[in-house]
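Grab a pencil and work through these exercises with the model open beside you. Each task is followed by a solution in steps.

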Amino acid sequence: MNNPVQIPYSVQVEELTRCFGSFVAVDHITFNVADGEIFGFLGANGAGKTTTIKMLCGLLLPTSGKGFVEGFNIYTQSDQIKQNIGYMSQKFSLYEDLLVRENLEFYGGIYGLDNHTLRQTIETSVMATGLREHLEKLTRDIPVGWKQRLALTCAILHKPKILFLDEPTGGVDPISRHQFWSLIYELAEKGTTVFVTTHYMEEAEYCNRLSIMHNGRIMDIGAPQTLKEKYKQSTIEDVFIQLVKK
Amino acid sequence: MHRIKYIIQKEFRQIRRDRPMLIILFLLPIVQLLILGYVVSSEVKNIRTVICDLDNTPLSRDLVGRLINSGYFDVKYFEASESQLPQYFDLGKAMVALVIPRHFARDLARNKPTQIQVLMDGQDSNSAVIAMGYIGGILENFLTDRLTRQMAEYAGVLDIHLVTPVIRVWYNEDLKYSNFMVPGIVVFLLTMVTSLVSAMGLVRERELGTLEQLLVAPIKKHELLIGKLIPFAILGFVVLTLGIALAKVWYDIPIVGNLGLIALFSFLYLFSTLGIGLFVSASARTQQQAMFMTFFLLVFFMLMSGFFVPIENMPESIQYVTYLNPMRYFMLVVREVFIKGANLSHLYWQGIALLIFGSGIFTFATMRFQKRMK
Amino acid sequence: MKPRFIAIMQKEFIHIWRDPRSLTIIILLPLVMIFLYGYAITFDIKEIKIGILDQDRSPTSREMVRQLTKSGYFVVTADLHDRSEIEPAFLGRKIVAAVIIPDNFSRDLNTSFRIPVQLLVDGSNSNLATVTINYIKTFFLTYSLQINARLLNAPIDMQPRVWYNPDLKSANFIAPGLVAVIMMLICALLTSATIARERETGTMEQILVSPIRSAEIIVGKTFPYIFLAIIDAIAIVVFAWVVFKVPFRGHPLLFLFFAVVYVYTCLSLGIFISARVKTQQVALMAAQLVTTLPSLLLSGFIFPIVSMPKVLQLISYIVPAKYFLVIIRSVMLKGVGMAALWQPTLFLLVFGTLLLFISVKRFKTNLEG
């Protein structure tokens, strides 16, 4: 962050806070995410990751602080934000009783893709993800790893500038997880910003930059390598433990 | 508007896939219409009756015959002794016992007042009141006929003048009760199905987490709600059509008025029922809660709509409360159009009331439905 | 070691407690219904709206109209001047009946034997129309007797005597019925829904992998609802007794015994349903179809069974609420004991056991499947 002026930011957050009653879920956090970056949010369960993502997606109003996504204010411009983001939550929010194809058509449809574009997009994305063979199956009948890929495909049909992934790989086997991350790298290469929360340490290593969160506060931010050097640890896990213990 | 199409399409695909639900959705109204048509009634028939005729004269037997021929009483037992009657109640064998006193015919012939004892099991107070009314009516008719006969005999001799009502019934000449009840049942079913399904539909998406996914999409609140509700409105019209067809074919209910008018008012009314469903789904967290809340409201609406409990007989304060019940207006409209062939000019105020309620409830519910979470 | 079903039971109590809205409705709904039936709902018909078309316009005809309204059964809501006004008055719902007093009515009253007075009735509400016709007939009979001073009237006096509910109070009738319906609602509908919900959200899986036996699951899951049902039943009885003076003539312990028998039957029905359905929505709808509706409509709760067509009367024989209704009305209003009620009790026990027997095996496999 030597040259903030030159880097266009996808997400800018300043002193963002959210309380539920007397409980402070997110406590004055400040960070920026650059365009095209894979930005990780690492933290234990209940650290405030999901709350942060929900505020950025316009699902939840902050208690105080500032926040911008793709230049739009999260307080007042949630409609514009929604046009530009993709979102995939920890439980795959797909309609289990629709066919895979029907889920794709539906999500493409509500993002306002016209029929022609929709068909083309579905075509290209099932090619890329290998979902083709499952297209005519009921969603509830396909394996979890495929459901996850389907959820991701649904979230990017409208080619969002930024993709929010909230613990996307929970309950998925390592191979599927690996495949999933290659898809994410492809997206990032094409210029999509990826904002991902996780509590898997090895996933954290995949990110360009990482923010370690604990009890609603950001403990530190930096590239995985930088963080490891700074805290003189060999793995992110050790960095995390050291930060949390403080 | 383009997006609404996709929500509607999705909704129909889900409905179609969910076989058990689909079956229930169609079975529930049909079964209910078939059962309710025979059950919901303020008529009581086949009242189990025991007769204790201590007089046993042609005149007393005439009275018993009238009781039997009325069709309301199922005279099962004849008992010679009055003291045996209470055991019929204790064992639940009879609900009514009628005691015709000794010298009944003789007293009447001498123009001496006489007393008929009616004993009743009062556990089912409603039926008891109604049965009492029937007996009263039969006695009155018995007396009228007797007096008319008497007067006619004297007519040449004495100076007698008799005012007799000449009765003509309009609209429902045979006084068929089903002509009144069945249209009411159709209204009730429409109300139940549309409010219940819309209440549960949105809550289900919230419970399963798919609502969250919809809320992060750039879709307007009204687009989401309209898209979700249009299939339910269509379902409502299917139920309505099914109900009217059954009324016509199964119950042989004549439809005097204009069905287009029914469709118009149904359209207005659906804003209220779907609005109520929406309101419930905005406040309920689980489908079970939604179902309970809807059920609670439906009981109120049913009792306060004139469906089978007449509104005119309620205390005045409660009559005012019924004005807040949209079902009351629609119930009246459907019956008036079905039986009497009323047209828009007679149902003007009902239309306005439904319009106000529909838009009011709908707007309120839409406002309560938050796009952000709490 | 603490019995395992205790853990499930505690969890279930917490579910109920965390959902105060449903709890409130379960408690409030029957009380509100007693209230409505106690205060608002009556099937007596009074103040029937009539129109008068007085073509005679004499003191005599006016006096007759005055007498007609004096009884309280009729109110004149339209003064008609021409026959053509009658139909619009019917369609505008201003009147239920129109009485047409003919020309020369007062003159004929002194010269003719029969003086016809026309009565036009709106038959759309057949019940109201029948009552109106009866009232009018009675009125003219009385009126005729009055104007013919020479005729002697020998009235038949109807002497009613009512057993068990002498004032014919609706609350006495509705309160026991509500107990039967609400207990069915809680035991059958709630339990089948809660089991379906666990299956839908996947928590049932979690329970099944534990070393618990399916009987323990059933006991643990249903006990809180048994408790709730009995509490609610007592609340209804007490409320009816305090507010509407609904009598309770039987022995309270006897009442509790029958309540437990009935709960057993209802729960078996609930388990029977949940063994067959997979989603909450279907469970709720199916439970409505086989529990709530028959209990409301085919049990004699509001509508007497004897008045129904034969087919429905036959169906009513497998409606548990019908039997419990006989029992509870007998206990509350008649105050009879066990001896008179062994038949319905036996039925409830047999029916419940039968359902349970069919379901348990299927229940276990369905839970896993």
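**Warm-up.** How far apart do the C-alpha centres of domain 1 and domain 2 of chain B lie?

The C-alpha centres of these two domains of chain B lie 46 Å apart. Domain 1 of chain B takes in 2-40 + 177-368, while domain 2 covers 47-154; such bounds come from an automatic or database domain assignment.

Some ground rules: this is a predicted model, where local features need pLDDT of at least 70, side-chain atom pairs count only at pLDDT 80 or more, and totals for chains, interfaces and linings use all residues. Residues are numbered from 1 along each chain as its sequence is written, and chains are lettered from A and ligands numbered from 1 in the order in which they are written.

**Exercise 1.** Work out the strand order of the open four-stranded sheet in chain A, and find its edges.

Step 1: strands here are DSSP runs of E, at least two residues long, and helices are runs of H or I of at least four, both numbered from the N terminus. Two strands pair if DSSP finds at least two bridges between them.
Step 2: the order in chain A reads β2-β1-β4-β5, with antiparallel pairing.
Step 3: β2 (23-34) and β5 (72-73) of chain A each have a single partner strand, so they stand at the edges with one side lacking a neighbour in the sheet.
Step 4: zoom in on β1 (residues 9-20) of chain A, which eight bridges join to β2(A). For A:Gln12, the bridge partner in β2(A) is A:Asn32.

**Exercise 2.** Describe the side of chain A that touches chain B.

Step 1: count contacts (C-beta atoms, placed from the backbone, within 7 Å). You get 22 residues of chain A against 22 of chain B.
Step 2: α2 (78-84), β6 (85-88) and α3 (100-110) of chain A each give two or more residues. α3(A) gives the most, with four.
Step 3: sort the chain A side into eleven nonpolar, six polar and five charged residues. Ala, Val, Leu, Ile, Met, Phe, Trp, Tyr, Cys and Pro count as nonpolar, Asp, Glu, Lys and Arg as charged, and the others, Gly among them, as polar.

**Exercise 3.** Where in chain C is confidence lowest, and where highest?

Step 1: use pLDDT, the predictor's confidence in each residue, from 0 to 100. Chain C averages 81, and 89% of its residues score at least 70.
Step 2: the low point is helix α8 (residues 203-208) of chain C, with a mean of 64, and the high point is strand β3 (residues 97-101) of chain C, at 93.
Step 3: for the complex, the predictor gives an ipTM of 0.78 and a pTM of 0.80.

Notes. Contact = placed C-beta atoms within 7 Å.
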